[in-house]
Structure formats: structure tokens, C-alpha cells
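Here are a few exercises to work through at your own pace. Keep the viewer open and try each task before reading its solution.

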Amino acid sequence: MTAIAGRGTEKRTAVPSFDDVYAAHYADLTVQLYAYFGDRQDAHDVVQEAFYRALVRWSSVARYDDPVAWIRRVAWNLAVSRWRRARTALSFLGRQPRVEPQSAGPGPERVALVAALATLPDAQRRAMVLHYMADMPVAEIADREGVAVGTVKSWLHRGRAALAARLDVTDHSGGE
């Protein structure tokens, strides 16, 4: 303990050191919070946080009539806040549907198409996706890519040919 002399008086007030208070009261506070939480780790966490907050402002907390009471109050406040957050989270989860909606995964055709698209050069792949999946006109793709319309048509032609070969597709419609 450290003694502090008042101004011009011989009155001395003992100020406990943080280390002494921590050593004397950490276990006690942890047991109290463990009884409240029912979880030893949570109790350790809130007591550690309370002592940390006391340490940061120890010069003023140490002068309180009962610094341990301040630390205990902070620890209990932290515990109540955790309990409220957990209660709110559980309430939210309780309002959620019990069964996640299931959707069928991609079929084998889609998987094969995506794999085949991945083998195309970037420009051809972008043109194929934008034209056939995003329904974008050739002129708009050309403008977006900064190339001539004929270049986009060439990319589409080459992309279709490459995909047809990879997917073993025969064109029964007579071409485009």
C-alpha cells in the first residue's frame, strides 16, 4: 500500500496497489460471477475485463472508499450485458424458421456448362455469359468491352464452337 500525504497536513490515506487488490479479490469475484453465469470462462472474462477497466483508471479508482466494490459493480454490469445479448440472440434464433429451405443443387448439365465455360479464353467467356445468360445484345457487349461488333460476333462463334466440342453437342437447328 502506498501512503499519500494531504496538503500541509499529516493525515495519510492508504491507497491500495492494483496488484494487491487483484491478488486479493480476483478469485472471489470470479467465483461470484461463475455462480451467476454457470460458465467458468465467461466469469473469468468479465472479471478480467472489470480489472482491466479498473487498471486503466486506477489513479482515481484507488481513491474510492471501496475500489473492490467498483470493480465488482463493473463485473456484474458486464455479466448482465452479456446475459442480455445472449437472451436477445436466443430470442432472434427462436423466431427463425426451424428448417432451412432446401434447393436442389445444380444439375449435371449446368455443372458441365460451367466447367466448359471455364476453359474458354476470358473474352469469349465474358461474351458468352453476357449474351446468352444476361441477354445482352451484341452491340452493347461490344460497347462494354470497347471492341467492334464483328469482334464480339467472332468471340461468340468461337465460344459456341468450343463449347459444342467440349459438351459433345450437335447443332440440329441448322446454325445461327
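The exercises below go from the whole chain to single residues, and please keep in mind that the model is predicted.

**Exercise 1. The overall layout**

Task: Find how many helices and strands the protein chain has, and in what order the elements run.

Solution:
- Step 1. Begin by counting: the protein chain has 8 helices and 2 strands.
- Step 2. Now read from the N terminus, where the order is β-β-α-α-α-α-α-α-α-α.
- Step 3. Turn to burial: 24% of the 176 residues of the protein chain count as buried.
- Step 4. Finish with the contacts that have a separation of 6 or more: 49% of them involve residues 24 or more positions apart.

**Exercise 2. Two helices side by side**

Task: Describe how helix 1 and helix 2 pack, and which classes of residue make up their contact.

Solution:
- Step 1. Take the geometry: the axes of helix 1 and helix 2 are 8 Å apart, and the packing angle is about 145 degrees.
- Step 2. Add the handedness, which is right-handed for the crossing of helix 1 and helix 2.
- Step 3. List some residues from each side: helix 1 contributes, among others, Val21, Leu29, Leu33 and Phe37, while the helix 2 side includes Ala43, Val46, Val47 and Leu55.
- Step 4. Sort the contact of helix 1 with helix 2 by class, which gives 14 nonpolar, 4 polar and 2 charged residues.

**Exercise 3. Rings across the contact**

Task: Work out how the rings of Tyr22 and Phe51 are arranged, and whether each residue is buried or exposed, or in between.

Solution:
- Step 1. Set the scene: the structure holds 9 aromatic pairs.
- Step 2. Look at one of them, Tyr22 with Phe51, whose ring centres are 4.9 Å apart and whose planes make an angle of 75 degrees. Edge-to-face requires over 60 degrees, so this pair is edge-to-face.
- Step 3. Place the partners: Tyr22 sits in helix 1 (residues 18-37) and Phe51 in helix 2 (residues 40-56), 29 residues apart, so the pair links distant parts of the chain.
- Step 4. Compare accessibility: Phe51 is buried, at a relative accessible area of 2%, whereas Tyr22 is partly exposed at 27%.
- Step 5. Widen the view to the cluster that ring pairs build from Phe18, Tyr22, Tyr26, Phe51 and Trp58.
- Step 6. For another ring, see Tyr34: Arg40 lies over its face, 5.0 Å from the ring centre.

**Exercise 4. Three residues to place**

Task: Find where Asp42, Val80 and Gln124 lie, and which residues Asp42 and Gln124 contact beyond four places in sequence.

Solution:
- Step 1. Start with Asp42 in helix 2, which is partly exposed, with a relative accessible area of 25%.
- Step 2. Beyond four places in sequence, Asp42 contacts Phe37 and Arg82. The C-alpha atoms of Asp42 and Ala79 are 8.2 Å apart, although 37 residues separate the two in sequence.
- Step 3. Move to Val80 in helix 4 (residues 67-94). Val80 counts as partly exposed because its relative accessibility is 24%, and buried needs under 20%.
- Step 4. Relate Val80 to Val46: the two are 34 residues apart in sequence, with a C-alpha to C-alpha distance of 10.0 Å.
- Step 5. End with Gln124 in helix 6 (residues 122-133). Gln124 counts as buried, with 11% relative accessibility, and touches Trp155, Arg158 and Gly159 when residues up to four places away are left out.

Key. Residues numbered from 1 in each chain as written. Predicted model: local features only at pLDDT ≥ 70, side-chain atom pairs only at ≥ 80, totals over all residues. Heavy atoms only, no water. Phe/Tyr/Trp six-rings, centres within 6.5 Å; stacked < 30°, edge-to-face > 60°. Helix = DSSP H or I, 4+ residues; strand = E, 2+ residues; numbered from the N terminus. Buried < 20%, exposed > 50% of the residue type's maximum accessible area, 1.4 Å probe, protein only. Lys NZ or Arg CZ within 6 Å of the ring centre and 35° of its normal. Axes fitted to C-alpha atoms, helices over the stretch in contact; angles between N-to-C directions. Left-handed = near helix turned anticlockwise from the far one by under 90°. Contact = heavy atoms within 4.5 Å. Nonpolar A, V, L, I, M, F, W, Y, C, P; charged D, E, K, R; others polar.
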